[in-house]
Structures are given as structure tokens and as C-alpha cells.
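Me: Got a model I'd like to talk through. Can you take me around it?

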Amino acid sequence: MTAATGTIGRHLVRALAEADVPFRALVRDARTAGVSWVVKMSAWQPGPDTKLSVRAHWEIEQHLKASGLAWTSLQPTGYMQNFFTGEGGFTHGGALEGPYGAGRVAYIDAYDIAARAAALLTGPPRGGETYALTGPEAPTHEEIARMVRG
């Protein structure tokens, strides 16, 4: 697995180790290392017309699909932790900004994403599947700002 020290990866490493599941982390060439199945931590609805890192996730998924390896993609809507790291999307004036405007978003906790990945990785190998991961509620950014600020 790559990104073993990232927002989700660190929880996933811990979950797999606690479950006594053998795994490899941080290999450069998956096929040369003998990897037969790749679980990709992606982004919500990546595509060829999306911007920046979301498009990069789509490009990586296209590479995986063409690689001949078994693959699974996990696509979380967004991380709840982002509201508590750095500025967390809040402007200096206190408004909460994001790409969703007044829309509702079911953000998910990184711990929950890691738990789903651990359940997937400890089950029978699967491939060619994409899982959308969402939180239990879909508040607006205005509602999230009220919850976070108390």
C-alpha cells in the first residue's frame, strides 16, 4: 500500500496490523513486487474533466484498469478531518467555503474510510469495483459551520 502515513493510510496500517493481515507498504512498482491486487484511495467522482488532484485520481484509475492487475477504488465524498486541519475551509471572515456551494455533502471520517478499507482487504480478493464512501448525514456548509463553531 502507498500513502501509509497519510490521513487514511495511517489508520489503515494500524487496522491491518491489529487484524494480523500481511501487507506491503510503499513499493515502487506494484507488478515487480508481486502485487496482484491494488486498492486505490481515490476521490469523489473523478473524471477526465475534473480539476487538479481529482483528475489525477481518474488518470491513476485509468492506468490501473489497463494494468492487468486486479483493482478496487474507494471514493470518499470528503474527509471530516479537513474542517479541523489548517484553516479547514473557513475564510478569515468566518465563512465556510467549498466547491459544493449550497449543496449538501455527506463527508466521512477518515477512521471510517480506513475501517472500510480494512474490511475490504481482509475479505476475499475482489477486483474491478468502485465503492462510493459517504457519511451518515449530508449537511450544507452553512450547517457544518454552525456545528463546528458551536
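Reply: First a term: helices (H or I, at least four residues) and strands (E, at least two) are DSSP runs, numbered from the N terminus. With that, strand β1 gives the largest share of the lining of the largest pocket, 5 residues. This is a predicted model, where local features need pLDDT of at least 70, side-chain atom pairs count only at pLDDT 80 or more, and totals for chains, interfaces and linings use all residues. Residues are numbered from 1 along each chain as its sequence is written, and side-chain values use heavy atoms, with hydrogens and water left out.

Me: OK. How many helices and strands in the protein?
Reply: The protein has 4 helices and 3 strands. Along the sequence they run α-β-α-β-α-β-α.

Me: And what box do the C-alpha atoms fill?
Reply: Roughly 50 × 35 × 25 Å, along the principal axes.

Me: Back to the pocket. How much space lies in it?
Reply: About 1100 Å³ in the largest pocket. On a 1 Å grid over the protein atoms alone, a pocket is an open set of points where a 1.4 Å probe fits, with protein on both sides within 12 Å along at least five of seven lines; lining residues have an atom within 4 Å of a point. Volume is the space filled by probe spheres set on the points, which are joined across faces, edges and corners.

Me: Which lining residues are closest to its centre?
Reply: M1, T2, W37, V38 and V39, out of 37 that line the largest pocket. Elements giving two or more residues are α1, β1 (37-41), α2 (52-67) and α3.

Me: Switching topic. At what angle do α1 and α3 pack?
Reply: About 45 degrees, for α1 (residues 9-18) and α3 (residues 110-121), with axes 8 Å apart. Axes are lines fitted to C-alpha atoms, for helices over the stretch in contact, and angles run from 0 to 180 degrees between N-to-C directions.

Me: Which residues make the contact?
Reply: H11, L12, A15 and L16 of α1 meet A110, Y111, A114, A117, A118 and L121 of α3. Contact means heavy atoms within 4.5 Å.
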